[in-house]
Amino acid sequence: AVLRETILLGGFYAAVYLALIVVGVASPMIKQGAPILSVLAFIPEQTLLLSMLALPLAMVTAFLGVIGRMREDGELTALMAAGVGTWQIAKTTLPVALVLATWMGISAHLILPSLSQRLMEGKSNLVQQALAAKVERRTPVFQDGAFILAAQRAEDDRLLGLFGVQLGEQGAMSAVYAPSARWVAIPRSENDPAALGLEMIQARLLIREPGTDPRVATAIVPSWSVRIPTHGDAAEQRADSMSTAELLRRIRTAQEPTQEKDKRLAQQRDLRGWERAFHFRFMLPVACIAYWAFACGLALAIGRGNRMLAACLGVLTVIGTLFPSYVLAREIGEKLPIDAGIWVWPPPIILGCIGGWLLWRHR
């Protein structure tokens, strides 16, 4: 009965969380100008990838909700009076965690890389459509501070009448005009997945140097490609799209950092990203077992039948584990000469230890 209630409640929460995550992914794309129908066609393909976050959330919430309700309604007291210990109750939900851990482990190594790659490609395609929509609305294609890029009109995979200008300090200016430009894939560096870019055909350049008596240079470039910054071009997403074997090969064959500061930071950033993605795939199934222990132990200790409280605790539990892996590892870990695993493994291990202690304490 406990297992059946857990599965039914977990399925309900999985649907709710998945819907919320889909809305969170689709809204920024639509806000950037991507056609709604294209976004709706893109989302179903990524449902499997998004479920890798929704399922752990649903599992933790279901454990907290079911055992918390049993505790509040006095069912745990009745079962213990009949000789059924709380460990036996927690053990009945363990198959859910084991199945999910197995699925997450298989998916992380065999499915996640291809889905991440297709996610990047799909986002690049949506970015193209969003930029084309901006052209139709007579708004800049790209604008960042003192740099602006605009076009007269869009035609298939081309932008016509492309014009860009960037203002610098002390009167410096760079301007470019291209009769036509087409979307291309530009690699960030050797062996890295390509990013979205524009190839300008017969680009006219004008560069004015800073100062009170500036020199002006002009040129005509037959073909000039520039990369368009997008969210999908993030280093962690490039690492997620690689196979586990490729990540291990890159970590083992990583070059010694150069003396040049910019190149050294870039090499270190790439290495930390590969390490994070590699450890994260092995951490996922371990985290599912840690979630089970912590959720069951917490429900036995302070559980309540309030489903909203269970949902809040479930979100805090899962996000608290993923936050160091994705945020701290990127913002802080990239600047430190230590393996990214130091950010990935402690949260689930600590969570599992706390859960184990709570289960033992309330056995």
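Here a student and a tutor talk through how some labels were given to parts of this predicted model.

Student: What makes R69 and E5 a salt bridge?

Tutor: Check the gap between their side chains: 3.0 Å, N to O. The cut-off is within 4 Å for a side-chain nitrogen of Lys or Arg and a carboxyl oxygen of Asp or Glu, so the pair earns the name.

Student: Which parts does that pair tie together?

Tutor: R69 sits in helix 3 (residues 47-72) and E5 in helix 1 (residues 2-31), so the bridge links parts that are 64 residues apart in sequence.

Student: Why is E5 called partly exposed?

Tutor: Its relative accessibility is 26%. Buried would need under 20% and exposed over 50%, so E5 falls in between.

Student: What about E75 and R69, how do you know that they form a salt bridge?

Tutor: Their closest N and O atoms are 2.9 Å apart, and the rule asks for within 4 Å, so that pair counts too. E75 is partly exposed as well, because its relative accessible area of 32% lies between the two cut-offs.

Student: Where do D240 and R276 lie, and what makes them a salt bridge?

Tutor: Their side chains meet at 3.1 Å, N to O. D240 belongs to helix 8 (residues 235-240) and R276 to helix 10 (residues 261-302), so this pair ties together parts 36 residues apart in sequence. Both D240 and R276 are buried.

Student: Which residues do shared partners join into one network?

Tutor: That network is made of E5, R69, D73 and E75.

Student: And how many salt bridges does the structure hold?

Tutor: Nine salt bridges.

Student: Why can such side chains pair at all?

Tutor: Opposite charges can pair when the charged atoms come close.

Student: Now the cysteines: why is C288 called buried?

Tutor: Its relative accessible area is 1%, and buried means under 20%, so the label fits. C296 gets the same label because its relative accessibility is 0%.

Student: How many disulfides are there?

Tutor: The count is zero, with the rule asking for cysteine sulfur atoms within 2.5 Å.

Student: Which residues make the nonpolar surface patch?

Tutor: I30, I36, L37 and L40 make a patch of about 410 Å². Helix 2 (residues 36-42) gives the largest share, three residues.

Student: Is L40 buried or exposed, and how do you know that?

Tutor: L40, which lies in helix 2, has a relative accessible area of 52%. Exposed means over 50%, so L40 counts as exposed.

Definitions and conventions:
Residues are numbered from 1 along each chain as its sequence is written. This is a predicted model: local features need pLDDT of at least 70, side-chain atom pairs count only at pLDDT 80 or more; totals for chains, interfaces and linings use all residues. Side-chain values use heavy atoms; hydrogens and water are left out. Buried means under 20% relative accessible area, exposed over 50%, partly exposed in between (1.4 Å probe, protein chains only). Patches are made of residues with over 30% relative accessible area and no salt bridge: like charges are joined within 9 Å, nonpolar side chains (Val, Leu, Ile, Met, Phe, Trp, Tyr) within 5 Å. Accessible areas come from the Shrake-Rupley method with a 1.4 Å probe; for residues, only the protein chains shown count as cover. Helices (H or I, at least four residues) and strands (E, at least two) are DSSP runs, numbered from the N terminus.
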